[in-house]
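Visitor: Could you show me the structure and talk me through its empty spaces?

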Amino acid sequence: MNAPAVEVSGLVKTYRATTAVDGLDLRLDRGAVLALLGPNGAGKTTTVEVCEGFLGRDSGEVRVLGLDPATDGERLRPRIGVMPQGGGAYPGIRAAEMLSLVAACAADPLDPVWLIDVLGLGGCARTPYKRLSGGQQQRLSLACALVGRPELVFLDEPTAGMDPQARRLVWELVHALRADGVSVLLTTHLMEEAEALADHVVIIDHGRVVAEGSPSDLTADNPHEQQLRFRAKSGLDPALLVAALPEGCRVSEPTPGWYLVAGTVNPQVVSTVTAWCAQQGVLAEELQVGRRSLEDVFLELTGRELRS
Amino acid sequence: MTTEAGRFAPGTFTPAPGAGSPPRMLITHARTETMLTLRNGEQVLLTLLIPLALLVGLSLLDIIAMPEPRVDSVTPRIFALAVMSSAFTGQAIALGFDRRYGVLKRLAATALPRWLLVAGRVLGCLAVVTVQLLVLAAGAVLLGWSPSGVGLLWTVLLVVLGALAFGALGVLLGGALKAEVVLALANVVWFVLLLAGGIVVAADSLPPGMADVVRLLPSAALTDALTQTLADGSAPALSSVLTLVVWGAAAGLLATRTTKLV
């Protein structure tokens with residue numbers, strides 16, 4: 001009973017020539033929220049599907065609620081809730097019918113009518129699945145994952161294709177799940193989401209863990225280091241700004257038109273930057289001082305080039 | 001945080017996991033499958049309207065030579081067609097699109113065990129076949145059909161066997177290929193078997209060499225067996241029954257290896 005919700009060590013999964021997951025370790029404690037963060041093709045969905053028992057593994061140990069999903073799937077599945085990527089339902093089934101079907105598979109389900117309503121699907125309860133919008137299909141899929149009162153839920157990109165209101169609702173739901181003691185493993189490529197929801201973030205790339213920790217651990221690599229970022233016309237020479245700043249400050253232009261000053265950012269530094277910009281005849285817009293964001297960490301670790 | 005408290009009272013999601021009762025899961029799943037098939041216009045056309053139109057047309061019009069009374073010769077063939085339409089073509093197409101829409105994975109992720117996932121579909125299919133045959137039988141009676149009493153009992157057995165054999169073939173096709181390919185192939189096979197597979201034209205009326213091949217098809221086997229029991233009032237030939245069993249078993253075994261969830 002005290003086994004962690006999910007415990008993965010040395011997981012390897014290959015598809016023909018490609019290695020999707022390459023020696024991954026993962027641990028989700030009971031009642032916690034873990035976000036698996038990574039670019040497309042990093043191995044997030046493969047990892048989740050191995051944990052759900054949909055995919056076998058080439059090597060490594062996987063225990064979900066103390067069970068091996070590869071051999072004990074039928075004992076495991078009644079205890080977990082699954083929101084697969086892209087949802088899933090009969091094309092012609094009405095939203096409410098689909099949820100009732102999934103609810104009938106559980107011993108003590110939540111009230112499907114209430115759940116449909118609270119997820120904002122009351123107005124399309126009688127709409128066939130194939131005519132629901134992408135966001136509505138996602139919300140139905142989330143309802144299906146939750147209706148059986150699971151101990152552990154897997155949410156694979158739960159907010160993909162959702163509008164901001166729906167995304168906010170999902171966040172509230174995840175907070176409520178956590179408060180009620182449900183363990184949650186979610187995947188996302190939205191830093192904001194991982195930062196807002198997760199107790200523990202695991203950043204993966206090319207099937208390996210590249211960093212992990214709480215969102216604050218990950219963003220506070222060096223507690224004394226802060227950042228000042230601002231937007232101005234692109235092509236300013238960072239070297240000139242470095243010369244004007246106190247010793248130890250670094251300046252870069254990570255994306256054209258966005259400048260980053262890293263180091264000990266004090267009021268003196270801020271005033272130097274604005275004065276320097278004034279000298280150059282440019283306006284420093286959206287000037288912001290803070291620690292580096294999870295997004296900075298993520299981009300540093302996984303690179304800036306676009307993935308297909 | 002105030003809205004959270006308002007929307008979801010503490011304890012709303014407190015875990016209480018567990019599987020539903022198997023009979024309830026089976027009935028709900030089978031009922032869903034049946035309802036979706038009967039609600040689907042194209043499926044109803046394929047499984048009910050076309051067989052009904054052929055029943056009336058072939059009984060009343062002297063297009064193909066058949067023993068009199070024509071309706072007694074036509075009805076067993078139409079029953080065989082109806083079973084093939086539902087269990088093979090209908091099942092294959094439904095499965096192809098269900099996989100496309102991820103429903104198998106969705107259901108496999110619930111507490112529904114694999115055997116129930118199959119059993120629910122089989123039961124749903126048998127329910128649809130029952131509805132079909134009752135409607136077609138009613139139509140045939142109106143046209144003056146007089147089946148043998150013993151034949152009706154055999155029919156129940158043969159229809160279940162035929163539905164399982166054709167169903168296994170339908171799952172074999174629908175479980176392995178892309179939805180569009182399944183749609184095209186399932187319709188082509190249906191049409192070819194209807195015309196040349198011993199349904200509309202009995203295997204016995206074909207040239208000898210071709211007849212021997214056609215008799216080995218599940219369509220001819222089911223048609224011949226139903227004709228023997230319903231029209232002639234005798235027991236079906238063992239060869240017909242064996243043909244259906246072999247097709248069903250072979251397709252079923254192969255399907256367990258080739259069927260994919262998505």
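Visitor: What volume does the second largest cavity have?

Guide: The second largest cavity takes up about 40 Å³. A cavity here is a set of points, on a 1 Å grid over the protein atoms alone, where a 1.4 Å probe fits but cannot get out; its volume is the space filled by probe spheres set on the points, which are joined across faces, edges and corners.

Visitor: Before we go on, what kind of model is this?

Guide: This is a predicted model, where local features need pLDDT of at least 70 and side-chain atom pairs count only at pLDDT 80 or more, while totals for chains, interfaces and linings use all residues. Residues are numbered from 1 along each chain as its sequence is written, chains are lettered from A and ligands numbered from 1 in the order in which they are written, and side-chain values use heavy atoms, with hydrogens and water left out.

Visitor: Ok, which residues line that second largest cavity?

Guide: Its lining, meaning residues with an atom within 4 Å of a point, includes A:Arg77 and A:Pro78 from chain A, and B:Thr110 and B:Arg114 from chain B.

Visitor: How many cavities of 30 Å³ or more are there?

Guide: The count is 3, and the largest has a volume of about 150 Å³. Of the 19 residues lining the largest cavity, those closest to its centre are A:Arg77, A:Ile80, A:Gly148, B:Thr110 and B:Ala111.

Visitor: And which element gives the most to that lining?

Guide: That is β5(A), with 3 residues, where strands are DSSP runs (E, at least two residues) numbered from the N terminus.

Notes: On a 1 Å grid over the protein atoms alone, a cavity is a set of points where a 1.4 Å probe fits but cannot get out, and a pocket is an open set with protein on both sides within 12 Å along at least five of seven lines; lining residues have an atom within 4 Å of a point. Helices (H or I, at least four residues) and strands (E, at least two) are DSSP runs, numbered from the N terminus.
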